[in-house]
Amino acid sequence: MADKFKVAQPWLTLLARLILGAVLLVAGALKVPNLPKSAMAVRAYEMLPIPIANFLGYTLPWIEIGLGLLLFVGVTVKISGALGALTMLAFIVAIAQAWARGLSIDCGCFGGGGTIDPEDTKYLSEIIRDIGLMGLGIFLYLYPKGRFAIEK
């Protein structure tokens, strides 16, 4: 069993890098054309003071793009995987608190965001998705060496 994992691990690392990198890259790229809406999406969580929420709304898309590119090409995989996992953990906490407080918001994960009808919320599926992505980040932290990475 251990031998099979040794053979598969570099390919699993590549797959984890590509999936987490692509999700972060796409999420950030979809937000960049409308940064004020990204800031509005962060404010909708009602977790942070407005100036900090606005700052996060304007900077988070660029951070997502940077992490996505690093993972996609395979540079600083261990650190980028850990930061990707921490980013997903922050999203999970934010979505869970919005759900627990009865807020009716779109997560703004891929653009959009803000108040929506309560029946349109997708908190559970968003949390499950982000748990999976966080798992990929943890895997990359534990096993950063994979195929086709610039970093060797």
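Buried means under 20% relative accessible area, exposed over 50%, and partly exposed in between, with a 1.4 Å probe and protein chains only. The model here is predicted, so local features need pLDDT of at least 70, side-chain atom pairs count only at pLDDT 80 or more, and totals for chains, interfaces and linings use all residues. Residues are numbered from 1 along each chain as its sequence is written, and side-chain values use heavy atoms, leaving out hydrogens and water.

**Exercise 1.** Work out which class Leu89 falls into: buried, partly exposed or exposed.

*Solution.* Start with the location: Leu89 sits in helix 4, helices being DSSP runs of H or I with at least four residues, numbered from the N terminus. Next, take its relative accessibility, 38%, which means Leu89 counts as partly exposed. Finally, look around: Leu89 belongs to a nonpolar surface patch of about 770 Å², along with others including Met47 and Val93. Helix 4 (77-100) and helix 3 (50-73) each give two or more residues to that patch, and helix 4 gives the most, with 5.

**Exercise 2.** Find which helix gives the most to the largest nonpolar core.

*Solution.* First, the set: a nonpolar core joins buried Ala, Val, Leu, Ile, Met, Phe, Trp, Tyr and Cys residues through side-chain atoms within 4.5 Å. This one has 26 residues, and Leu20, Tyr45, Met88, Ile95 and Ile105 touch the most other members. Then the suppliers: helix 1 (2-31), helix 3, helix 4 and helix 5 (123-142) each bring at least two residues. Helix 4 comes out on top, with 8 residues.

Definitions and conventions. Patch = residues over 30% accessible without salt bridge, like charges linked within 9 Å, V, L, I, M, F, W, Y side chains within 5 Å. Areas by Shrake-Rupley, 256 points an atom, 1.4 Å probe, with all protein chains shown as cover. Salt bridge = Lys/Arg side-chain N within 4 Å of Asp/Glu carboxyl O.
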